[in-house]
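This report goes through the strands, helices, loops and ligand surroundings of one model. The sequence and coordinates come first.

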Amino acid sequence: MRERTVTYSPSFTLVPTRECFNRCGYCNFRADRGAAWLQPAEVRALLLPLVGSGVVEILVLSGEVHPHDPRRGKWFAMIQNICAVALELGFLPHTNCGVLRFEEMGALQQLNVSLGLMLEIDSNRLLGSVHRHAPSKLPALRTEQLEWAGTLGIPFTTGLLLGIGETPAEREDTLRTIARLHHRHGHIQEVILQPHSPGGSQSWAGEPLGDAQLLGVVRLARQILPAEITIQIPPNLVGDPVPLLEAGARDLGGIGPVDVVNPDYAHPVVERLGERLAAAGWRLEPRLPVYPHLDRRVAAALQPLLGEHRARLCQAAVT
Ligand SMILES: O=c1nc2n(C[C@H](O)[C@H](O)[C@H](O)CO)c3cc(O)ccc3cc-2c(=O)[nH]1
Ligand SMILES: C[C@H]1O[C@@H](n2cnc3c(N)ncnc32)[C@H](O)[C@@H]1O
Ligand code: MET
Ligand code: SF4
């Protein structure tokens, strides 16, 4: 059988803070004001042991401080510092810290090879349920973020959170919104199809999205999204990834020690996952947090480090 390829990103997640002014009904990550903020010394202490370990991506995933909160500037400076330390130690940062001001997005572009923000579901109807207390999940705000990222030329990861009360038509609308934004700017590198996976501390008592439903969405996404956009599924939130790969998914996202968003669902050990996939005719390969066709859009100051990682990845592939 011909071997096909599926990718993952060897990653480690840093959390600037869990403090968040939103209260998404499905969230098991957020904390109230007063929660800890990551200190500069802690960033170094967490990252130093990872140098030379094979980890490349530092996923910076944060709760959000309100844009009009007087502490917003300090919060944003903390995120910039985390990215700068990660770069200094030779890692490639990818930040998803929620909705940003245009100037903030431009500043993070100088410190990240790509940025992420889930569109979730492009429907105002959910503002009456899971997003009732989540102003930063307003669909118009999130589509504007994707538009800005396109204007700035930032390689971008977005996605859908599935099984949060949306209809089939709303899933299709969301995929079409992403396709439309991509057609204008060509900046969407991957779309995560994330199945809602209930955890112990969320307020909304929704069911998990099953693999059979996810399979249908992967097929639909492959029809709607242009071929250069990769479909990502999280291996720890699905039963068997193989049928989803057969349906068009080609990436398994960042794999690290813990999934901080879904701590109740352990990540697979990469070696075991590789063996399971190989038995089904799929070769698991590492990738960088920016896709090769978008390398030239990465900030000039990051090009030398990106080049080193790209060369190392090619070397590993031929040896
Ligand atoms: O590359 C990304 N991976 C994202 N991932 C995948 C992530 O790389 C890994 O699954 C782990 O969170 C890393 O330990 C998410 C996973 C989740 O469970 C929830 C949200 C995200 C969001 C992103 C993201 O914005 N960018
Ligand atoms: C960082 C991203 O994590 C996703 N997210 C948040 N809570 C859950 C959950 N219970 N199950 C799956 N994904 C979740 C959202 O899509 C958010 O944008
Ligand atoms: C756990 S969510 C982390 C990213 C951000 N708060 C968002 O929801 O978009
Ligand atoms: S999903 Fe993100 S925005 Fe929503 S409450 Fe959790 S941390 Fe905040």
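Is Glu120 buried or exposed? In this predicted model, Glu120 is buried, with a relative accessible area of 6%. The residue sits in the loop between strand S4 and helix H4. Its phi is near 65 degrees, a positive value in a residue other than glycine. Most residues other than glycine have a negative phi.

Leu126 is placed in the loop between strand S4 (114-116) and H4. Leu126 has a relative accessible area of 1% and is therefore buried, the cut-off being under 20%. The C-alpha atoms of Leu126 and Ile164 are 8.2 Å apart, while 38 residues separate the two along the chain.

**Strands**

Strand S1 covers residues 4-14, and 9 of its 11 residues are buried. S1 pairs in the parallel sense with strand S9 (residues 282-286), with strand S8 (residues 251-255) and with strand S2 (residues 57-61). Thr7 has a bridge partner in S9, namely Glu285, and a bridge partner in S8, namely Asp251. Towards S2, Ser11 of the pairing stands opposite Glu57, and Thr13 stands opposite Leu59.

S2 continues the pairing on to strand S3 (residues 92-96), and these two strands run parallel. Within that pair, Val60 stands opposite Thr95 in S3. How many residues of S2 are buried? The count is 5 of its 5 residues. Glu57, Leu59 and Leu61 point one way from S2, Ile58 and Val60 point the other way, and all are buried. Two of these residues appear in the pairing with S1 as well: Glu57 is opposite Ser11 and Leu59 is opposite Thr13.

The loop that holds Glu120 and Leu126 follows S4, which pairs with strand S5 in the parallel sense. Leu115 has Phe156 as its bridge partner in S5. S5 spans residues 156-162, and 7 of its 7 residues are buried. Both of its faces are covered: one side carries Phe156, Thr158, Leu160 and Leu162, and the other carries Thr157, Gly159 and Leu161.

The bridge counts for these parallel pairs are listed below.

| Strand pair | Sense | Bridges |
|---|---|---|
| S1 and S9 | parallel | 5 bridges |
| S1 and S8 | parallel | 3 bridges |
| S1 and S2 | parallel | 4 bridges |
| S2 and S3 | parallel | 5 bridges |
| S4 and S5 | parallel | 2 bridges |

**Helices**

Two packed helices are described by the angle between their axes and the distance between the axes. Helix H4 (residues 139-152) packs with helix H5 (residues 168-185) at an angle of about 20 degrees, and their axes are 9 Å apart. H4 is therefore roughly parallel to H5, a label that applies to angles under 35 degrees. Their crossing is right-handed.

H4 also packs with helix H3 (residues 102-109), here at an angle of about 50 degrees and with axes 10 Å apart. This angle makes H3 oblique to H4. The crossing of H3 past H4 is right-handed.

Arg276 lies in another helix, H8 (residues 270-279). Is Arg276 buried or exposed? Neither label applies, because its relative accessibility of 47% counts as partly exposed. The C-alpha atoms of Arg276 and Phe102 are separated by 43 Å, and the two residues are 174 apart along the chain.

**Ligand 4**

Which residues surround ligand 4? The shell consists of Cys20, Asn22, Cys24, Cys27, Phe29, Arg30, Glu64 and Lys137. By class, this shell has 4 nonpolar, 1 polar and 3 charged residues. Cysteine and phenylalanine count as nonpolar, so the nonpolar part is Cys20, Cys24, Cys27 and Phe29. The charged part is Arg30, Glu64 and Lys137, and the polar residue is Asn22.

How values were computed. Residues numbered from 1 in each chain as written. Chains lettered and ligands numbered in written order. Predicted model: local features only at pLDDT ≥ 70, side-chain atom pairs only at ≥ 80, totals over all residues. Heavy atoms only, no water. Near = heavy atom within 4 Å. Buried < 20%, exposed > 50% of the residue type's maximum accessible area, 1.4 Å probe, protein only. Pairing = 2+ DSSP bridges. Axes fitted to C-alpha atoms, helices over the stretch in contact; angles between N-to-C directions. Parallel < 35°, antiparallel > 145°, perpendicular 65-115°, else oblique. Left-handed = near helix turned anticlockwise from the far one by under 90°.
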